[in-house]
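Here are a few exercises to work through with the model open on your screen. Try each task before you read its solution.

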Amino acid sequence: MSSSSPSSRPTSETQLSLSHITAQNETNLLGTVHGGVIMTLVDSVAGVVAARHSGGPAVTASMDEMTFLVPVRVGDVVHFSGQVNWTGRSSMEVGVRITADRWDAVGPQVHVASAYLVFVAVDSDGAPRAVPQVVPETDEERRRLREAEIRRSHRLARRAAIIASREEAAREEAAREEAAREGATREGAAHAAGEETR
């Protein structure tokens, strides 16, 4: 982060909304829009929010969660609304809410999905760099911050559990290999003793 970058930024300063009219070439074999199309647009919106908030390049570290509630159809106008929910030293959680309505009719927007992505701000060498701390301004934004902290704690706990599981598997494999070596040594010794008694 350059010396001219602020130490904090309000949530509202880097929010972004984008609307996209879905087309026939974006559909799957079921005739609805590919989930991957929506995910690509989600990542693009979140990437702009992260870059704006951090004041420079930011790369996607993970998509923490995305659940599709309803399918998107051809001709739907899909609306993406993104904002920074939480910041660490160099990482940010960006939340994106996705809604849809018909291009040719007036009606209420339908909630399609919500997604939570983690970005890391990087410098010109690709190394992590510090980001401004996000400052929530409303009760809704404070709720989002609290829930982002819960998701972060779950990510860290899941990562620690996976590492522990892999370490346990490695210990078990090493124990099996050691037992196999000892068995082979005993078998070789027994064979040699048998040869000597002949």
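**Exercise 1. Place P10 and P6.**
Is P10 buried, partly exposed or exposed, and which residues does P10 contact?

*Solution.* Keep in mind that this is a predicted model. Start with the element: P10 sits in strand 1. Next, take the accessibility. P10 comes out at 26% relative accessibility, so it counts as partly exposed; the buried class would need under 20%. Now look for partners. Skipping neighbours within four places in sequence, P10 is in contact with V135 and E137. For a distance check, go to G88: it is 78 residues from P10 in sequence, and the C-alpha atoms are 15 Å apart.

Do the same with P6. P6 belongs to the segment before strand 1 (8-10). Its relative accessibility is 29%, so P6 is partly exposed. P6 and S81 are 75 residues apart in sequence, with 24 Å between their C-alpha atoms.

**Exercise 2. Now try V78.**
Is V78 buried or exposed, and which residues is V78 in contact with?

*Solution.* First, find V78 in strand 4. Second, read the accessibility: at 0%, V78 counts as buried. Third, list the contacts, leaving aside neighbours within four places in sequence: L18, S19, H20, T22, I38, V72, I98, T99 and A100. Finally, pick T99 from that list. T99 is 21 residues from V78 along the chain, yet the C-alpha atoms are separated by 5.8 Å.

**Exercise 3. Check helix 1.**
What span should helix 1 (residues 35-54) have, and which of its residues are buried?

*Solution.* Count 20 residues and allow 1.5 Å a residue; the expected span is 28 Å. The end C-alpha atoms are 28 Å apart, which agrees. Then go through the buried residues: V37, I38, L41, V42, V45, A46, G47, V49, A50, H53 and S54. A handy rule for reading such a list is that an α-helix has 3.6 residues a turn, so residues three or four places apart point the same way. Just after helix 1, G55 takes a positive phi of about 75°.

**Exercise 4. Build the core.**
How many residues are in the largest nonpolar core, and which have the most contacts inside it?

*Solution.* The largest nonpolar core has 29 residues, and I38, V42, F80 and I98 have the most contacts inside it. Two or more residues each come from helix 1, strand 3 (58-68), strand 4 (76-87), strand 5 (91-102) and strand 6 (110-121). Helix 1 gives the largest share, eight residues. Now zoom in on F80. Not counting residues up to four places away in sequence, F80 touches L16, S17, L18, H20, I38, L41, V42, V45, V96, R97 and I98.

**Exercise 5. Describe the largest pocket.**
Which residues line the largest pocket, and how do they divide by type?

*Solution.* Begin with the space: about 170 Å³ lies in the largest pocket. Then name the lining: W86, S91, V118, R152, R155, L156, R158 and R159. Sort these residues and you get three nonpolar, one polar and four charged. Last, ask which element gives the most to this lining. That's helix 2 (residues 139-197), with five residues.

Note on methods. Residues numbered from 1 in each chain as written. Predicted model: local features only at pLDDT ≥ 70, side-chain atom pairs only at ≥ 80, totals over all residues. Heavy atoms only, no water. 1 Å grid on protein atoms, 1.4 Å probe; cavity = no way out; pocket = protein on both sides within 12 Å on 5 of 7 lines; lining within 4 Å. Points joined across faces, edges and corners; volume = space filled by probe spheres on them. Helix = DSSP H or I, 4+ residues; strand = E, 2+ residues; numbered from the N terminus. Nonpolar A, V, L, I, M, F, W, Y, C, P; charged D, E, K, R; others polar. Expected span 1.5 Å × (residues − 1). Buried < 20%, exposed > 50% of the residue type's maximum accessible area, 1.4 Å probe, protein only. Core = buried A, V, L, I, M, F, W, Y, C linked by side-chain atoms within 4.5 Å. Contact = heavy atoms within 4.5 Å.
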